[in-house]
Amino acid sequence: MKDYELESFLSNARKTLTEAQVLCQEASMRIYEAKNELSRWQQDISKLKFMIACIKSQGDFLYKNVLKVGIGENLIRTEWSQVVLVDLIDKMKHWQNELSTRVARLDGINNTLIPKSKNLENDTPLRLGDFIPRENVYILDERLKEIPIIRRQIDNIKSQYANMAKKVSEQLMLNKLMNLDSSFEKNFSQLEGRDFGEDYLDDMINLEHELVEYLNSLTDHFDKCQLLQKGNLEEQYYEELLEIVTKDNGELSSVFETLRDTITDVDQILLKFTKALEKKMIDKTSIHSRINKIINELHKHQEYLVIFQDISELISTFKETCLQEIQITKELCEFYENFEASYFKLLEEAERRRLMAKDMENLIAQCQQKLRNLDAEDHKLREKFLAENGNYLPETIWPGKIDDFSPLYSLQYTIKDV
């Protein structure tokens with residue numbers, strides 16, 4: 001074998017290997033980009049699935065926890081319909097009746113401690129009810145007059161609640177979310193246990209392996225050509241290697257064409273994958289658009305819940321005000337009850353004082369009688385003294401006193417009219 005023939009083999013091998021490396025590298029880059037697109041796609045689908053799961057959880061929470069339990073059971077059926085419209089009304093009516101009863105009792109009791117003649121306005125006797133302030137007597141009646149307004153508000157919010165719950169249950173949960181989940185499963189769920197793109201990925205990997213095998217084969221042929229050109233081989237091994245290289249050199253064009261066919265297969269697979277991915281991207285965009293619409297709808301529902309919050313705060317404020325006025329009414333009832341009881345104790349006290357004044361009057365009358373008796377005795381003794389001694393004593397020795405017969409005592413007293 002002449003040197004120029006070996007050089008021709010080596011040149012042909014180098015040229016073919018170089019072109020093959022360029023083609024394979026470009027094909028590998030296209031496959032690499034396709035794999036990245038598939039990876040990004042799978043991540044996007046995972047995010048999409050997570051978003052759908054979150055939206056379903058939000059919808060479920062909105063319907064079950066917020067609407068059904070929070071508003072429907074706790075707020076409307078329990079707090080408003082029972083606590084406010086039944087329990088609170090019953091308490092207000094009860095304590096308003098209690099207060100009215102006590103006020104009526106006080107209005108029916110004459111104040112016997114003040115005579116009619118001292119009532120300057122008219123001759124009618126004062127009653128105990130005239131001594132109590134009237135500004136809080138009917139505070140609960142005034143609150144009860146507001147109940148129809150509160151009831152209308154509650155009935156109105158009940159209607160709005162029913163419409164909202166129906167929309168969330170039927171339109172959002174049973175229609176939009178269920179259809180969204182169904183569409184996602186239809187378009188993006190695994191087919192026969194495999195995700196979208198796995199078949200394309202397997203084909204790409206297999207074609208990559210083929211390209212690697214072609215490159216390895218061409219590289220091996222190039223290495224053998226270099227080995228032949230260097231020489232220094234045993235005769236038998238040289239001849240065998242030469243035979244192989246000569247044979248492979250004759251097949252290089254065929255191998256290169258097969259490599260091109262494989263790269264064509266790569267491009268066809270990538271084209272199919274790209275078209276399939278574009279179709280899936282359209283489906284994904286559609287699903288994403290539906291998700292955004294549902295999110296916007298959830299935002300609207302969230303904003304609408306502010307109405308329930310405002311009404312709840314209004315009714316809560318009304319309830320707290322009523323409870324405060326019920327407490328005021330309870331305290332008034334207790335005060336009026338004690339007022340009535342204390343009035344009758346005051347009557348007993350007035351009678352006790354009258355009796356005491358009578359005892360004092362009797363005691364003074366007894367003192368007056370004793371003083372009169374003593375004064376009569378003193379008058380007799382003075383007369384006797386003057387009869388026995390008056391002629392011997394000059395009047396000037398005790399001026400104005402010797403013949404004074406005025407009583408030795410002077411008694412002044414007053415007893416209050418009780």
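This report describes the nonpolar cores, aromatic pairs, salt bridges and a surface patch of a predicted model.

## Nonpolar cores

The largest nonpolar core holds 79 residues, and L67, I71, W80, M92 and L259 touch the most other members. Helices α1 (3-107), α2 (139-188), α3 (198-230) and α4 each supply at least two residues of this core. The largest share, 28 residues, comes from α1. Another core of 11 residues lies apart from it, and V103, I132, L332 and C333 are among its members.

M92, one of the residues that touch the most other members of the largest core, is in contact with L140, R143, L144, I147, C322 and I326 when neighbours within four places in sequence are left aside.

## The loop residue I132

I132 is placed in the loop between α1 and α2. With a relative accessible area of 7%, this residue is buried. Not counting residues up to four places away in sequence, I132 touches V103, L106, Y336 and F339. The C-alpha atom of I132 is separated by 41 Å from that of R77, which is 55 residues apart from I132 along the chain.

## Aromatic pairs

Five aromatic pairs are present in the structure. In one of them, the ring centres of Y161 and F308 are 6.5 Å apart and the ring planes stand at 90°, so the pair is edge-to-face. Y161 belongs to helix α2 and F308 to helix α4, so this pair ties together parts that are 147 residues apart in sequence.

Both rings belong to buried residues: the relative accessible area is 13% for Y161 and 2% for F308. Together with Y304, Y161 and F308 form one aromatic cluster.

## Salt bridges

A search of the whole structure finds 22 salt bridges. Within helix α1, R102 pairs with E98, and their closest N and O atoms are 2.6 Å apart. The two residues are four positions apart in the helix, so about one helical turn separates them. R102 is buried, at 18% relative accessible area, whereas E98 is partly exposed, at 23%. In helix α2, E146 and R143 meet in a salt bridge with an N to O distance of 2.9 Å. These residues lie three positions apart, about one turn of the helix. E146 is partly exposed, with a relative accessible area of 28%, while R143 is buried, with 19%.

K176 and E297 form a further salt bridge, in which the closest N and O atoms are 2.7 Å apart. This pair links distant parts of the chain, since K176 is in helix α2 and E297 is in helix α4, 121 residues apart. K176 is partly exposed, at 35% relative accessible area, and E297 is buried, at 14%. Salt bridges that share partners also join E98, R102 and E337 into one network.

## A further residue of helix α2

S183 is also placed in helix α2. Its relative accessibility of 17% makes S183 buried. Beyond its neighbours within four places in sequence, S183 is in contact with I287 and R290.

## The surface patch

F385, Y392, L393, I397 and W398 form a nonpolar patch on the surface, with about 600 Å² of accessible area together. Of these residues, W398 is placed in the segment after α4 (235-389). W398 counts as exposed because its relative accessibility is 51% and the cut-off for that class is over 50%.

Terms used: Residues numbered from 1 in each chain as written. Predicted model: local features only at pLDDT ≥ 70, side-chain atom pairs only at ≥ 80, totals over all residues. Heavy atoms only, no water. Patch = residues over 30% accessible without salt bridge, like charges linked within 9 Å, V, L, I, M, F, W, Y side chains within 5 Å. Areas by Shrake-Rupley, 256 points an atom, 1.4 Å probe, with all protein chains shown as cover. Salt bridge = Lys/Arg side-chain N within 4 Å of Asp/Glu carboxyl O. Buried < 20%, exposed > 50% of the residue type's maximum accessible area, 1.4 Å probe, protein only. Core = buried A, V, L, I, M, F, W, Y, C linked by side-chain atoms within 4.5 Å. Contact = heavy atoms within 4.5 Å. Phe/Tyr/Trp six-rings, centres within 6.5 Å; stacked < 30°, edge-to-face > 60°.
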